[in-house]
Amino acid sequence: MSTLAIRDLHVSIETDQGTKPILRGVDLTINEGETHAVMGPNGSGKSTLAYTIAGHPRYNVDSGSITLDGEDVLAMSVDERARAGLFLAMQYPVEIPGVTVSNFLRTAKTAIDGKSPAIRGWVKDVRQSMDNLRMDSAFAERNVNEGFSGGEKKRHEILQLELLKPRFAVLDETDSGLDVDALKIVSEGVNRAKDATGLGVLLITHYTRILRYIKPDFVHVFVAGRVAEEGGPELADRLEDEGYDRYVSAAAAAS
Ligand code: ADP
Ligand code: MG
Ligand code: MG
């Protein structure tokens, strides 16, 4: 069984005012096939966690570890992380002038698998996944992220998820800016990837809405750079009713 393990992770960034600690000892273990929701107020460090797993150079790991089946993820380049089976939805947010979605997907697939996909099967897979996500075939010929709407960006992320078949996916606020129909389509895509390949998911979200469509096995409440509480799906229902205030005041009192 594959496991992504985060241990006592401390992360800071350099700002004009000096070093700013953001993550203050994060522990999380995700086994393949499991979905973990990380929920918390704005500014609690959720995206920092995602960027650190992705290997963004801005975020300095001061101590702690991230391992994938015992391999040191923090020692890997961004490309090596992808080849090891990590999928980071925010990894490709930039426009890539002159590179079509179709070319981008094939290049990424080739880089990750170490060989180019057999063309007929690949074309069929791309078409199938685009159909699943209700994407028009013309989308494949557009340049990556150029003029994409919020919804198109999210669908493109899930299209990558379906085709690249990673072992673990980190999805940071995949629900933001989606109307209900798009949210359903995107969630179905994540669920298909879970069913097809036993994908492990770290689902970062501020709101409980997406958890109606993607069922978490575990919920972690993230406050002030730490996991403040953990539980099963029922914890998300409680957050929906009570909000984060209780956790925020407890964290403030403790610091
Ligand atoms: P969340 O995703 O939970 O809203 P973030 O990880 O985006 O939280 O931010 C956590 C804290 O770190 C915030 O106080 C934010 O202002 C700060 N922070 C994160 N990234 C940067 C950055 N690149 N520059 C300055 N501050 C940052
Ligand atoms: Mg935020
Ligand atoms: Mg964020």
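**View 1. Val-248 sits in helix α8, which covers residues 245-254.** This is a predicted model, so keep that in mind for every view here. Val-248 has 16 C-beta neighbours inside 10 Å, so it counts as partly exposed. Leaving aside residues up to four places away in sequence, Val-248 touches Pro-41 and Val-223. Now look for Gly-70: it is 178 residues from Val-248 along the chain, and their C-alpha atoms are separated by 33 Å.

**View 2. Here is the shell of residues around ligand 1.** Going along the sequence, you'll meet Ile-13, Thr-15 and Ile-22, then Gly-40, then the run Asn-42, Gly-43, Ser-44, Gly-45, Lys-46, Ser-47 and Thr-48, and finally Arg-58. Which elements give two or more residues to this shell? They are strand β1 (3-15) and helix α1 (46-54). The largest share, three residues, comes from α1. Sort the shell by class and you get eight polar residues, two charged and two nonpolar.

**View 3. Asp-69 is a residue with a positive phi that isn't a glycine.** Its phi is near 50 degrees. You can find Asp-69 in the loop that links β4 (60-68) to β5 (71-72). Is Asp-69 buried, exposed or partly exposed? It has 14 C-beta neighbours inside 10 Å, so Asp-69 counts as partly exposed.

**View 4. Arg-134 has a positive phi too, at about 50 degrees, and is not a glycine either.** This residue lies in the loop between α4 and β8 (143-144). Arg-134 counts as exposed because it has 11 C-beta neighbours inside 10 Å, and 12 or fewer is the cut-off for that label.

**View 5. Helix α4 (residues 119-132) crosses helix α5 (residues 150-164).** When two helices pack, they are described by the angle between their axes and the distance between the axes. For α4 and α5, the axes come within 10 Å and cross at roughly 140 degrees. That angle makes α4 oblique to α5. The crossing of α4 past α5 is right-handed. Who meets whom? On the α4 side there are Asp-125, Val-126, Ser-129 and Met-130, and on the α5 side Leu-159, Glu-162 and Leu-163. By class, this contact has four nonpolar residues, one polar and two charged.

**View 6. Gln-128 is another residue to find in helix α4.** Gln-128 is exposed, because it has 12 other C-beta atoms within 10 Å. How far apart are Gln-128 and Asn-60 in space? From C-alpha to C-alpha they are 40 Å apart, and in sequence they are 68 residues apart.

**View 7. Helix α5 also packs with helix α6 (residues 180-197).** Their axes are 9 Å apart, and the angle between them is about 10 degrees. What does that angle say about how α5 and α6 lie? Angles under 35 degrees count as roughly parallel, so α5 and α6 are roughly parallel to each other. From α5, the contact uses Gly-151, Lys-154, Arg-155, Ile-158, Leu-161 and Glu-162. From α6 come Ala-182, Val-186, Gly-189, Val-190, Arg-192 and Ala-193. Split by class, the residues of this contact are six nonpolar, two polar and four charged. If Glu-162 rings a bell, that's because you met it in the contact of α4 with α5, and here it is again in the contact of α5 with α6.

Conventions
Residues numbered from 1 in each chain as written. Chains lettered and ligands numbered in written order. Predicted model: local features only at pLDDT ≥ 70, side-chain atom pairs only at ≥ 80, totals over all residues. Near = placed C-beta within 6 Å. Helix = DSSP H or I, 4+ residues; strand = E, 2+ residues; numbered from the N terminus. Nonpolar A, V, L, I, M, F, W, Y, C, P; charged D, E, K, R; others polar. Axes fitted to C-alpha atoms, helices over the stretch in contact; angles between N-to-C directions. Parallel < 35°, antiparallel > 145°, perpendicular 65-115°, else oblique. Left-handed = near helix turned anticlockwise from the far one by under 90°. Contact = placed C-beta atoms within 7 Å. Buried ≥ 20, exposed ≤ 12 C-beta atoms within 10 Å, placed from the backbone.
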